[in-house]
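Colleague: Could you take me through this model and tell me what stands behind each label you use? I would like to see the reasoning as well as the result.

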Amino acid sequence: MNISKQVKQHGRLRTFRMRALEANYTVKPLFGWDRTVCASDIKKFLECQALYLQWKEGDATGEQTVSEQVGEILHDETSKPVEQRLTDLASAITTVSNKAERERVVAEVTKLIAVSTAAQKEDSKGATVTKKEETLVYFDSYTNTFWYAKLDSTDLKYSDRGVYLNVIDQKAGRYRSAMQLSSVFFQAYVAKMSKAFGHTGPVRYAVRYLRDRFGNVLNTPEEKGYWLGQRLNETQDMSLYGTQVTIQKMEQAWKTGEFQPEPGHRCGTCQFAKSCPAGRNWNAEQDEQARLAALEEQEENDAIAVGAMLSTHNVQSNSRQAVA
């Protein structure tokens with residue numbers, strides 16, 4: 001494995017590593033497991049075990065896409081007090097070089113921040129506690145692991161149900177999936193079980209979408225609230241069970257030192273596509289297929305061109321013979 005340098009990414013130092021595939025087509029860990037889990041860990045592990053390992057062990061990611069950078073800027077800026085937010089967003093957009101496109105992205109981010117700020121302000125009305133980027137920890141005795149939840153926005157509020165904790169997971173993209181709801185349930189469960197802010201009552205949780213399904217920034221965010229009460233309902237119980245089973249699979253992977261890559265179309269957009277061996281192989285195969293397809297197309301075009309030339313030549317030859 002070639003370790004070349006450390007770079008600061010995502011608020012921490014990450015190391016560029018060229019991973020290698022083992023004989024059994026797995027990726028091997030460098031360190032031991034710290035027995036900590038967050039919602040992002042679970043999502044990454046289910047998507048691709050090698051992706052989870054590289055992220056968990058601090059491998060440097062590739063270049064950010066525009067959407068990834070927009071999401072990160074929005075997340076960072078809305079966690080700050082309003083007076084401390086960036087006034088020169090253009091300087092923060094480093095993934096776009098075209099001036100006109102940069103201006104479009106800046107305008108989009110500005111609107112996203114405004115919509116998010118208005119929604120958070122509404123959340124905080126009448127709240128006795130309001131927190132942004134609050135990190136909570138709960139020890140799950142069933143899996144013998146520490147569960148971490150970093151909450152985008154949390155408010156302790158009153159309603160006809162009495163005092164409740166409002167937990168919001170904000171999304172800047174148009175993509176929607178069941179995993180996003182599972183992730184915010186995980187955060188709400190950690191908040192409830194850790195008795196966040198001394199609260200022992202119900203928890204309302206929701207995924208807040210700032211865009212519609214076509215990618216347009218919404219004037220009013222979309223969200224659907226769910227309630228976590230004294231007892232879990234059937235859906236919540238199944239989600240908790242699925243989380244615990246996944247963590248047991250994580251533990252097994254750490255014990256054996258075998259993390260299975262899941263090569264496929266996701267490798268085309270994976271942050272570790274250039275450093276993960278499975279990602280490198282998959283992309284190399286795609287490049288080779290594209291090369292062969294282009295070569296085949298060129299050969300077909302050449303054959304068509306030759307056929308057209310021969311046809312033209314025969315027509316001209318027949319014309320001359322007819323004249324003679």
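Modeller: Gladly, and let me begin with a definition: a salt bridge is a side-chain nitrogen of Lys or Arg within 4 Å of a carboxyl oxygen of Asp or Glu. In this predicted model, Arg17, Arg19, Glu57 and Asp59 are linked in a network of such bridges.

Colleague: How many salt bridges does the structure hold?

Modeller: There are 19 salt bridges.

Colleague: What makes Asp34 and Lys56 a salt bridge?

Modeller: Their side chains meet at 3.5 Å, N to O, and the cut-off is 4 Å, so the pair qualifies. Asp34 sits in the loop between β2 (12-18) and β3, while Lys56 belongs to helix α2, so the pair ties together parts that are 22 residues apart in sequence.

Colleague: Why is Asp34 called partly exposed?

Modeller: Its relative accessibility is 47%. Partly exposed covers the range between the buried limit of 20% and the exposed limit of 50%, so Asp34 falls in that class.

Colleague: What is the separation of Arg104 and Glu108 along their helix?

Modeller: They are four residues apart in helix α4 (residues 99-124), which means about one helical turn between them. An α-helix has 3.6 residues a turn, so residues three or four places apart point the same way. The closest N and O atoms of Arg104 and Glu108 are 3.4 Å apart, and the two form a salt bridge.

Colleague: Which of the labels buried and partly exposed goes to Glu108, and which to Arg104?

Modeller: Glu108 has a relative accessible area of 18%, under the 20% limit, so Glu108 is buried. Arg104 has 40% relative accessibility and counts as partly exposed.

Colleague: How do you know that Asp123 and Arg208 form a salt bridge?

Modeller: The closest N and O atoms of Asp123 and Arg208 are 2.8 Å apart, which is within 4 Å. Asp123 lies in helix α4 and Arg208 in strand β7, so this bridge ties together parts that are 85 residues apart in sequence. Asp123 is buried at 8% relative accessible area, and Arg208 is buried at 3%.

Colleague: Let us turn to the cysteines. Why is Cys38 in no disulfide?

Modeller: The closest cysteine sulfur, in Cys48, is 16 Å from that of Cys38, too far for a bond. The cut-off for a disulfide is 2.5 Å. Cys48 is in no disulfide either: its nearest cysteine sulfur, that of Cys276, is 6.1 Å away. Searching the whole structure gives zero disulfides.

Colleague: Are those two cysteines buried or partly exposed?

Modeller: Cys38 has a relative accessible area of 24% and is partly exposed, whereas Cys48, with 8%, is buried.

Colleague: What makes α2 largely enclosed?

Modeller: Six of its eight residues are buried, so the rest of the structure largely encloses α2. Those buried residues are Ala50, Leu51, Tyr52, Leu53, Gln54 and Lys56, and they pack against β2, β3, α1 and α6. After α2 comes Gly58, with a positive phi near 80°.

Colleague: How do you know that β4 and β5 pair?

Modeller: Two strands pair if there are at least two bridges between them, and β4 and β5 have eleven, in the antiparallel sense. Lys132 stands opposite Ser153 in β5. Four residues lie between the strands of this hairpin, where Asn144 takes a positive phi near 55°.

Colleague: Which other strands pair with β5?

Modeller: β6 pairs with β5 in the antiparallel sense over seven bridges, and Lys157 stands opposite Tyr164 in β6. Two residues lie between β5 and β6 in their hairpin. Strand β3 (residues 36-38) runs parallel to β5 and is joined to it by three bridges, with Val37 partnered by Trp147.

Colleague: Which residues touch the most other members of the largest nonpolar core?

Modeller: Trp147 and Val167 do, in a core of 41 residues. The largest share of this core, seven residues, comes from α5. Leaving aside neighbours within four places in sequence, the contacts of Val167 include Leu151, Val184, Ala191, Val203 and Tyr205. Apart from this core lies another, of 16 residues, among them Leu74, Val106, Leu210 and Val217.

Note on methods
Residues numbered from 1 in each chain as written. Predicted model: local features only at pLDDT ≥ 70, side-chain atom pairs only at ≥ 80, totals over all residues. Heavy atoms only, no water. Buried < 20%, exposed > 50% of the residue type's maximum accessible area, 1.4 Å probe, protein only. Core = buried A, V, L, I, M, F, W, Y, C linked by side-chain atoms within 4.5 Å. Contact = heavy atoms within 4.5 Å.
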